[in-house]
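Open your viewer and switch to a cartoon view. Keep the selection tool at hand.

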Amino acid sequence: MKILIYVENTIVDGAMNPIGAAVKKVTGWMEYGAEISYLTEKTKFMEVKAVKDKLKELVFPGEIVRSRQGNETFREVISSVEPNVLVSFGLENDLAKLNSDRKIHLINLVQVGIDNLPDKPDDLVVYGKKEEPVAEVKE
């Protein structure tokens, strides 16, 4: 299970402080066997390095921090990672087509905080999906 987490406003705030119990939640996913990587809005080398260093300082698990290079779009970066789940605060407009093409489950934290997400990575794949109505069985 690959989980890609958008850093800004998803797991850290503008001052780069953890949001809620984000460290515990992400650490739990890794302990269940998930492969964790991060996506940042930063594009300059030293800014990306600062994000990586801060995540390490805050004890977020995983070492991989992805960013856009040159004219690359978020969609292209995400497509190259091929995660099963993308956890983000926003980005849904950028990812609508990618989600349908690649079957990446997008969890948008605009209405729910990271603390409220399932503890098990396998449960993330179906989190927020609407169940299909079951037809009534007539006797």
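This tour goes from the whole fold to the sheet, then to the cores, one helix and one residue.

**Stop 1: the whole chain**

Keep in mind that this model is predicted. Colour the cartoon from the N terminus on. You should meet five helices and five strands. Follow the chain and the elements come as β-α-β-α-β-α-β-α-β-α.

Now show the surface. The protein exposes about 8600 Å². Carbon and sulfur atoms supply 49% of that area. Of the 139 residues, 39% are buried. The fold also brings distant parts of the sequence together. Take the contacts between residues at least 6 apart in sequence: 60% of them join residues at least 24 apart.

**Stop 2: the sheet**

Hide the surface and select the strands. In what order do the five strands lie in the sheet? The order is 3-2-1-4-5, the sheet is open, and the pairing is parallel. Look at the edges next. Strand 3 (65–66) and strand 5 each have a single partner strand, so one side of each has no neighbour in the sheet.

**Stop 3: strand 4**

Select residues 85–88, which make up strand 4. On one flank, strand 1 (residues 2–6) pairs with strand 4 over three bridges, in the parallel sense. Find isoleucine 3 there: its opposite number in strand 4 is valine 85.

Turn to strand 5 (residues 105–108). Strand 4 pairs with strand 5 over four bridges, again in the parallel sense. Valine 85 has histidine 105 as its bridge partner in strand 5.

Show the side chains of strand 4. Val85 and Val87 point one way, while Leu86 and Ser88 point the other way. Are these residues buried or exposed? All of them are buried.

**Stop 4: the cores**

In soluble globular proteins, nonpolar side chains tend to be buried together. Here, the largest nonpolar core has 26 residues. Select Ile11, Trp29 and Tyr38, the residues with the most contacts inside this core. The elements that give it two or more residues are strand 1, helix 1 (22–31), strand 2 (35–39), helix 2 (45–57) and strand 4.

Another core, of ten residues, lies apart from that one. Select Leu39, Phe74, Ile78 and Ile104, which are among its members.

Go back to tyrosine 38 and show what surrounds it. Beyond its neighbours within four places in sequence, tyrosine 38 has contacts that include Leu4, Ile11, Val26, Leu55, Phe60 and Val65.

**Stop 5: helix 1**

Select helix 1 and look down its axis. Its buried residues are Ala22, Lys25, Val26, Gly28 and Trp29. Why are they on the same side of the helix? They cover an arc of only 155° around the axis, and therefore share one side of helix 1.

What covers these buried residues? The cover includes strand 1, strand 2, strand 4 and helix 5 (121–124). Rotate to the face turned away from the buried side. There you find the exposed residues Lys24 and Glu31. Then step past the end of helix 1 to glycine 33, whose phi is positive, near 105°.

**Stop 6: serine 88**

Finish in strand 4, the place of serine 88. Serine 88 has a relative accessible area of 0%, so it counts as buried, the cut-off being under 20%. Its bridge partner in strand 5 is asparagine 108. Show the contacts of serine 88, leaving aside neighbours within four places in sequence. They are Tyr6, Thr10, Leu106, Ile107, Asn108 and Leu109.

Note on methods:
Residues are numbered from 1 along each chain as its sequence is written. This is a predicted model: local features need pLDDT of at least 70, side-chain atom pairs count only at pLDDT 80 or more; totals for chains, interfaces and linings use all residues. Side-chain values use heavy atoms; hydrogens and water are left out. Buried means under 20% relative accessible area, exposed over 50%, partly exposed in between (1.4 Å probe, protein chains only). Two strands pair if DSSP finds at least two bridges between them. Contact means heavy atoms within 4.5 Å. Accessible areas come from the Shrake-Rupley method with a 1.4 Å probe; for residues, only the protein chains shown count as cover. A nonpolar core is a set of buried Ala, Val, Leu, Ile, Met, Phe, Trp, Tyr and Cys residues joined through side-chain atoms within 4.5 Å. The arc is that of the directions from the helix axis to the C-beta atoms.
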